[in-house]
Each structure stands twice: as C-alpha cells, then as structure tokens.
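Hi,

Here is the structure I said I would pass on. Have a look at it first, and then read on for my notes.

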Amino acid sequence: MSEVPELVVDQLTVRFAGIVALDSVSFTVAPGTLHAVIGPNGAGKSTCFNVLSGVYRATSGKVTFGRRELTAMAPHRVGALGIARTFQNLALSPLLSVEDNLMLGRHRLMRAGFVRAGLRWPGALREERQHRERAREIADFAGIAHRLASPVGALPYGDQKRVELARALCGEPRLLMLDEPVAGMNATERLEMAELVHAVRTSLGISILLVEHDMGLVMRLADHVTVLDFGRRIASGTPAEVQRDPEVLRAYLGEEAS
Ligand SMILES: Nc1ncnc2c1ncn2[C@@H]1O[C@H](COP(=O)(O)OP(=O)(O)OP(=O)(O)O)[C@@H](O)[C@H]1O
C-alpha cells in the first residue's frame with residue numbers, strides 16, 4: 001500500500017445563508033491514527049465530513065492530504081486520492097448481493113472497466129478474478145464472508161453496516177471516514193463494529209476519521225479527539241484529556257439540560 005499522508009484541516013469555515021456551520025476549525029489526522037470528531041447535534045461534524053469528501057465547498061480555509069489540496073475537489077477526485085467514506089444512512093444497493101456491492105467498491109481500481117469485462121476479454125476476466133479474490137478477503141476480514149451471495153437488503157442491519165465498511169475498504173483507502181458507524185445498532189452489533197474498526201486501525205495501517213455520538217466507543221477507540229460546538233473547535237486532545245475539559249462538559253451538559 002502507498003504511504004499514508006497526513007490530513008490537515010486548516011482554519012476551515014463553512015457558512016450557509018446566515019449560519020456558520022464551521023468557524024475556522026483546524027485539526028490534523030496523523031498517519032495511521034484514529035481521530036474522532038465529536039460534538040452535540042448541529043456542531044458541524046457532518047459539514048466537516050462533507051467538505052472533506054468534496055460534497056460541500058468551504059467558504060474559507062483549506063484541507064490538504066499530503067501535498068494535495070482537497071478543498072475544491074469533486075467527490076470522485078477525492079476518492080481517487082484514496083479517501084473513502086461511509087454514510088450515516090446506508091448507501092448500498094439493496095437488491096445486489098454482498099459480493100456485487102463489494103465489487104462496486106473496487107471499481108476505481110479496475111483498469112479494464114465494465115465494457116471490456118462485459119465483452120469477456122481474457123485480460124479483463126483475469127483482472128476481474130483478482131479483484132473478486134481481494135473482495136472476498138476483505139469480506140472475510142469484515143466477518144461477512146458467509147453472506148457474500150445474499151442480497152444486501154435481506155441482511156440484519158449490523159451486517160449491512162459491515163458490508164458498507166467493507167465496501168469502503170475495497171477501494172484500498174489510505175484514509176477512511178466513518179460517519180456514525182454504530183448509529184441505530186443494538187449493544188451486540190455495536191461491540192462487533194467497534195472490534196472491526198479497531199482491527200482496521202491496528203492491522204491495515206490506514207488513518208481513520210470517525211464521527212460518532214457513542215462516547216464509550218469514541219473513548220475506547222480514538223487516539224485523538226477534536227470537539228466541536230456550534231461550529232467552533234472547543235477542545236482537542238487524547239480521550240482522557242477531552243473528557244475532563246470543562247468546556248466539553250459544559251457543551252454536553254448544556255445539551256442534556258435543554
Ligand atoms: N446544506 C445545509 N444548508 C443549510 N444549513 C446547513 C446545511 N448543512 C448543515 N447546515 C447547518 O449547519 C449546522 C451544522 O450542521 P451539521 O449537520 O454539520 O452538524 P452535526 O454536528 O453533524 O449534527 P448531528 O450530530 O445532528 O448530525 C447546523 O446548524 C445545520 O442546520
């Protein structure tokens with residue numbers, strides 16, 4: 001795998017008519033680490049993800065991944081740099097099998113393309129076989145190898161979320177962005193997903209940027225945490241440091257009291 005660059009978010013500001021969704025936010029994701037972005041509802045976490053993946057435009061500030069600037073890139077170009085993301089709501093093709101969904105995840109790496117593969121050219125068939133093998137390895141890693149032939153829509157929710165993560169891994173990313181990976185899951189599914197994210201962190205050596213409301217999970221998995229509130233960065237540090245930060249406690253307790 002090619003080297004994992006540093007992701008630098010530098011004074012990022014995003015305004016929507018009258019609302020400052022992100023106000024000069026900065027943080028750095030060191031290569032191979034798990035960096036969590038947390039904060040109460042409306043803090044700006046999704047906006048941040050959407051700028052990083054090329055869906056939203058920054059009003060000012062910039063984001064760099066190694067020497068490449070992402071700030072004005074279209075989503076497919078961000079993907080081509082090796083940045084993959086999962087979504088809060090599942091973004092899979094429910095009628096397709098797990099295997100076919102994973103193969104869609106390998107699309108950006110396939111040279112032959114669908115036309116030549118469809119025409120069954122020998123080179124294209126060989127390439128497709130290699131990609132299929134790799135997709136199966138990743139399915140095995142994600143604990144869904146026994147589900148390869150099932151239509152995704154027929155699987156339990158926890159498995160569908162794992163398919164989504166596996167599909168992102170199929171693009172061989174260098175940075176994986178996970179948007180609330182355990183939202184809507186029961187306790188067992190949460191535990192399994194936490195184990196999978198931990199395995200990605202320790203065995204694949206890629207960087208992970210995590211947005212998650214489940215504090216237990218964030219505190220267990222993250223190397224570094226950035227806390228946002230009303231679009232501003234109010235704290236940044238190790239899980240232990242941010243947990244005892246008075247501004248963070250106020251932001252969360254204030255939310256509970258309201
Ligand atoms: N496309 C948009 N148009 C207008 N306002 C937006 C848009 N996207 C986000 N916002 C506003 O920006 C602010 C930050 O929203 P954002 O969704 O980034 O927060 P969040 O931290 O992800 O919240 P949650 O935890 O509820 O998902 C909110 O006030 C939201 O209403």
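Below is what I found, going from the domains to one helix, the ligand and a few backbone oddities. Please keep in mind that this is a predicted model.

**Two domains**

The protein chain splits into domain 1 (7-82 + 173-257) and domain 2 (96-159). Their C-alpha centres are 29 Å apart. Where they meet, 8 residues of domain 1 are in contact with 5 residues of domain 2. On the domain 1 side, the elements that supply two or more residues are α2 (75-80) and α7. Of these, α7 gives the most, with 4 residues. By type, the domain 1 side divides into 4 nonpolar, 2 polar and 2 charged residues.

**Helix α7**

That brings me to α7 itself, which I'd look at next. The helix covers residues 187-204, 18 residues in total. From first C-alpha to last, α7 reaches 25 Å, close to the 26 Å expected at 1.5 Å a residue.

Which residues of α7 are buried? They are M193, A194, L196, V197, V200 and R201. Looking down the axis of α7, these buried residues fall within an arc of 160 degrees, so they line one face of the helix. The general background is familiar: an α-helix has 3.6 residues a turn, so residues three or four places apart point the same way. On the other side of α7 you'll find A187, T188, E195, T202 and S203, which are exposed.

What do the buried residues of α7 pack against? Their partners are three strands, β3 (34-38), β7 (175-179) and β8 (207-211), along with the helices α6 (157-170) and α8 (215-221). After α7 comes G205, and its phi is positive, near 70 degrees.

**Around the ligand**

The residues around the ligand are F16, I19, A21, G39, N41, G42, A43, G44, K45, S46 and T47. Elements that give two or more residues to this shell are β2 (19-29) and α1 (45-52). The most comes from α1, with 3 residues. Sorted by type, the shell has 4 nonpolar, 6 polar and 1 charged residue.

**Positive phi values**

Most residues other than glycine have a negative phi, and most peptide bonds are trans. With that in mind, two residues are worth clicking on.

- Q11 is not a glycine, but its phi is positive, near 50 degrees. Q11 sits in strand β1 (residues 7-16). It counts as partly exposed because it has 13 C-beta neighbours inside 10 Å.
- S24 is not a glycine either, and its phi is also positive, near 55 degrees. S24 belongs to strand β2. With 14 other C-beta atoms within 10 Å, S24 is partly exposed.

**G32 and its neighbours**

One last spot is G32, in the loop between β2 and β3. G32 is partly exposed, as 15 other C-beta atoms lie within 10 Å. Where does G32 make contacts, leaving aside neighbours within four places in sequence? G32 is in contact with V4, G205, I206 and S207. You'll recognise G205 as the residue that follows α7. G32 can also be placed relative to S203, one of the exposed residues of α7: the two are 171 residues apart in sequence, while their C-alpha atoms are 10.0 Å apart in space.

Shout if anything is unclear.

Cheers

Notes:
Residues are numbered from 1 along each chain as its sequence is written. This is a predicted model: local features need pLDDT of at least 70, side-chain atom pairs count only at pLDDT 80 or more; totals for chains, interfaces and linings use all residues. The expected span of a helix is 1.5 Å times one less than its number of residues. A residue is buried if 20 or more other C-beta atoms lie within 10 Å of its own, exposed if 12 or fewer, and partly exposed in between; C-beta atoms are placed from the backbone. The arc is that of the directions from the helix axis to the C-beta atoms. Two residues are in contact if their C-beta atoms, placed from the backbone, lie within 7 Å. A residue is near a molecule or strand if its C-beta atom, placed from the backbone, lies within 6 Å of it. Ala, Val, Leu, Ile, Met, Phe, Trp, Tyr, Cys and Pro count as nonpolar, Asp, Glu, Lys and Arg as charged, and the others, Gly among them, as polar. Domain bounds come from an automatic or database domain assignment.
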